[in-house]
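Me: Please take a close look at the aromatic rings in this model and at what sits around them. A plain account will do, and you may go on to other parts once the rings are covered.

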Amino acid sequence: MQYVYTCLREAHDQSLLLLAGLVCLVGVYASFAVARHAARADEGAKRKWALIAIMAAGCTAWSTHMIGLLAFQPGMLSGFDPVLTVLSLGLTIVGIGLSVGSIIGSRSRPRRLIAGVFLGISITLLHYLGQYSYVVTGHVRWNYGLIAWSLILSIPLFGAALVGAGERRPAFRNWASLLLIAGISILHFFGMAALQLEFDPRIELPSSALSPEIVAPVVATVSAGLVLLALVGVRLAIAAKAQLARDRKKLRQLADLAVEGLAICDGETIDAVNASLARLAGCTSESLARKALSTLLPNVDISAIPEHEEEDAELLTTSGQLIPVRVLWKSVSVGSRQQTVIAVRDQSERIRNEHKIRSLAYSDTLTGLSNRLQFNEALASRCTEAAMSGAGFALFFLDLDRFKTVNDTLGHMVGDELLVRVSKRLSARRASASLIARLGGDEFALIIDDKGSVAEIAVVIIEVLSKPFLIDGSVIDIAGSIGISMFPEDGGDPSTVTRHADLALYAAKHAGGSTYRFYEQSMSVTAEHRRLLEIDLRRALSRDEFEVHYQPQVDPKTGKVQGAEALARWRHPTRGMIPPAKFIPVAEEIGLIGDIGTWILRAACVEASTWPHDITVAVNLSSVQLRDTSLPLTVLSALEASGLPASRLELEITESALMQDEALAFETLQTLRAMGIRISMDDFGTGYSSLNYLRRFPFSKIKIDQSFIRHAPRDQECVAIIQAITTLASKLHMSVTVEGVETNEQRAFTVAEGCDQIQGYLISRPVNGALLRRFLREQSQEAA
């Protein structure tokens with residue numbers, strides 16, 4: 001290094017060395033300025049300015065080297081080989097062009113490093129080829145150690161210079177110029193120090209050699225051109241900065257107009273943010289400028305996100321709160337620089353809405369409990385967990401007893417409020433259940449984890465629900481029935497354990513309600529029998545398996561037949577005769593009772609048309625038929641098809657049928673009464689609102705339920721009720737029929753109390769049409 005310094009200090013003209021450094025500085029600046037302008041230009045001008053930048057870079061390196069050679073004072077005559085001198089300039093321009101051309105538009109650091117190394121090799125070739133063109137009147141020897149050091153020290157600088165020139169940060173780009181100047185300087189100084197000359201008077205300069213006086217003006221011209229080009233670069237830089245300022249201002253104005261948050265970034269540094277993003281972050285726009293993007297969006301690597309694609313992230317506010325956002329970015333040109341515009345969309349409201357929608361989707365809107373959807377998912381998850389852990393659970397199916405009566409008598413608003421109150425009482429016992437759900441209507445489900453306390457929990461729930469409810473001034477008494485199945489004992493999957501809990505609930509309801517039942521295998525057998533019964537019942541009508549039997553209704557005084565009640569019977573092909581008590585409830589549940597009732601009505605009318613003209617037929621109407629607005633037309637069609645007069649048809653209505661829809665029932669019965677059809681109240685005395693119904697509806701007869709005559713005349717309470725009914729009927733101009741008369745004593749009692757008609761086993765059991773016709777013929781013959 002000392003030798004290099006001595007050569008630099010003693011063997012060179014210092015003023016020319018200073019000029020070489022100045023030319024190098026001006027040329028490098030001009031080259032970079034024009035190159036940056038080329039990057040900003042459109043496609044048409046880009047190539048032209050890029051070519052000028054490459055030529056400027058080559059001329060800078062060549063003129064710097066040539067001035068350095070002119071500054072060298074060898075102490076003997078010297079000159080320049082013209083061919084090698086021109087060749088050094090040409091090769092330099094080509095080498096620089098290839099190096100710079102290979103990285104245009106590339107942000108790859110390894111690629112720019114390789115191009116920088118190639119650039120260093122090109123400039124090295126310029127220097128040593130230029131020095132080889134330097135001829136003197138003496139011998140030339142080379143210090144190869146210094147040549148090696150020139151390469152080792154300068155080429156990495158050239159690589160680093162091109163890497164820095166492509167960085168986004170201005171500081172790195174500024175260092176690139178200095179690194180390039182340092183590389184050129186090291187090559188020249190070490191190269192000149194490596195050149196060792198020895199004077200020999202016998203050696204003359206070649207005749208073709210160019211003297212320094214001839215080369216100097218050429219170098220001066222090139223240097224002047226570089227100065228002019230530098231001035232052009234200054235002008236271009238000033239224009240670029242002005243354009244950059246305008247672009248930034250315009251971009252920020254546009255950003256401030258956006259509703260969503262926008263951040264304009266230079267690499268990982270925030271240049272500016274709009275008001276929306278500053279408001280979201282809880283600070284001012286100025287406070288975010290020049291801060292790292294990671295302070296606003298921690299754990300977000302923008303470069304890893306594909307352009308124009310959104311990704312979930314979290315925004316860190318100044319208060320330390322993390323806000324869920326979605327980010328996307330786009331690279332835009334602002335002046336000569338590529339900047340990143342990041343859009344930040346607040347997702348808090350969307351997430352709240354999603355939670356609300358999920359809550360609505362998984363919650364019962366009336367009670368706030370889990371709904372059937374969430375119950376099904378929770379049960380499936382619980383089954384999976386229990387199967388893996390070996391810890392089972394109990395599933396409760398809960399149904400409210402007498403809830404339908406509350407809805408029918410007090411209205412659906414009271415019924416809904418009752419369900420809310422029930423859910424609150426169940427929720428108060430939530431510690432016993434991991435899940436409480438309303439499945440629909442008055443049906444609830446509970447998952448109980450403590451299998452050892454299942455019975456105790458069931459008793460507590462039933463007791464809680466048995467306590468009266470006070471709603472809108474009405475005291476409401478209900479109860480609860482519970483069906484229980486155990487996992488995995490009663491089923492190893494959600495569908496099985498659910499089905500078995502449902503069967504257990506069915507058993508609890510049929511046991512009278514207000515109780516609980518554990519699932520038993522026999523329940524599945526019973527359910528299977530019922531399922532088969534349903535299947536056969538659906539086919540019974542089409543297979544003509546139903547029959548109508550008739551029970552005579554007679555005058556208790558004379559025994560004369562006045563009419564007969566039509567009763568449905570089902571003659572199953574394999575099970576034989578099935579009583580109505582077994583198939584009528586099933587028919588009501590599966591919706592066949594309407595069709596069966598219509599068939600019975602038509603068959604009874606046809607049969608009654610063959611009886612004597614003073615004999616009536618009574619047909620029971622179900623609640624489903626009574627709610628059918630086309631019932632009057634159905635009855636009229638049956639009468640017309642059979643030819644039976646309307647006065648000989650009597651329709652029997654129960655109180656429970658009237659309670660379904662009183663307004664519609666009243667309108668329908670009035671229409672039927674106007675047709676001449678008799679209407680009777682069946683099973684009178686078994687409901688609490690009978691007197692009100694007698695006042696409102698057009699009944700012509702009251703049928704006293706058999707439960708009262710069964711204990712008469714010994715039971716004085718039953719006697720008093722029958723007497724009260726007969727007296728009431730007399731005042732209302734209605735006839736009275738007593739059902740279930742089985743003894744002569746009971747018959748004598750009805751006569752004594754003034755009852756108009758009786759029916760029961762004392763007179764006859766229900767018989768088919770043929771037997772009834774024979775019974776009527778025999779009675780007619782006896783009367784004759």
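Reply: In this predicted model, the charged end of Arg765 lies over the ring of Tyr761, at 4.0 Å from the ring centre. A second case of this kind involves Arg425 and Phe469: the charged end of Arg425 sits over the Phe469 ring, 3.5 Å from its centre.

Rings also pair with one another. A pair of aromatic rings is described by the distance of the centres and the angle of the planes. The count comes to ten aromatic pairs. One of them joins Phe546 and Phe583, with 5.7 Å from centre to centre and 50° between the planes, a tilted arrangement. This pair links distant parts of the chain, since Phe546 belongs to strand 17 (residues 546-554) and Phe583 to helix 18 (residues 580-590), 37 residues apart. Phe546 counts as buried because its relative accessibility is 5%, under the 20% limit. Phe583 is buried too, because its relative accessible area is 0%. Another tilted pair is made by Phe697 and Phe699, whose centres are 6.1 Å apart and whose planes meet at 45°. Both Phe697 and Phe699 are buried. Beyond single pairs, Phe546 and Phe583 belong to one aromatic cluster with Trp570 and Trp599.

Two helices can be checked for length. Helix 14 (residues 412-427) has 16 residues, so at 1.5 Å a residue it should span 22 Å, and its end C-alpha atoms are indeed 22 Å apart. The expected span is 1.5 Å times one less than the number of residues, which is why the 16 residues lead to that value. The buried residues of helix 14 are Val414, Gly415, Leu418, Leu419, Val420, Val422, Ser423 and Leu426. For helix 17 (residues 521-540), the 20 residues should span 28 Å at 1.5 Å a residue, and the end C-alpha atoms are 29 Å apart, so the two values agree. Its buried residues include charged side chains, Arg530 and Asp536, alongside Met523, Ser524, Leu533, Leu537 and Ala540.

The last item is on the surface. Leu87, Leu91 and Leu125 make a nonpolar surface patch of about 240 Å². Of these residues, Leu125 is found in helix 5 (residues 109-132). Leu125 counts as partly exposed because its relative accessibility is 43%, a value between the limits of 20% and 50%.

Conventions. Residues numbered from 1 in each chain as written. Predicted model: local features only at pLDDT ≥ 70, side-chain atom pairs only at ≥ 80, totals over all residues. Heavy atoms only, no water. Helix = DSSP H or I, 4+ residues; strand = E, 2+ residues; numbered from the N terminus. Buried < 20%, exposed > 50% of the residue type's maximum accessible area, 1.4 Å probe, protein only. Patch = residues over 30% accessible without salt bridge, like charges linked within 9 Å, V, L, I, M, F, W, Y side chains within 5 Å. Areas by Shrake-Rupley, 256 points an atom, 1.4 Å probe, with all protein chains shown as cover. Salt bridge = Lys/Arg side-chain N within 4 Å of Asp/Glu carboxyl O. Phe/Tyr/Trp six-rings, centres within 6.5 Å; stacked < 30°, edge-to-face > 60°. Lys NZ or Arg CZ within 6 Å of the ring centre and 35° of its normal.
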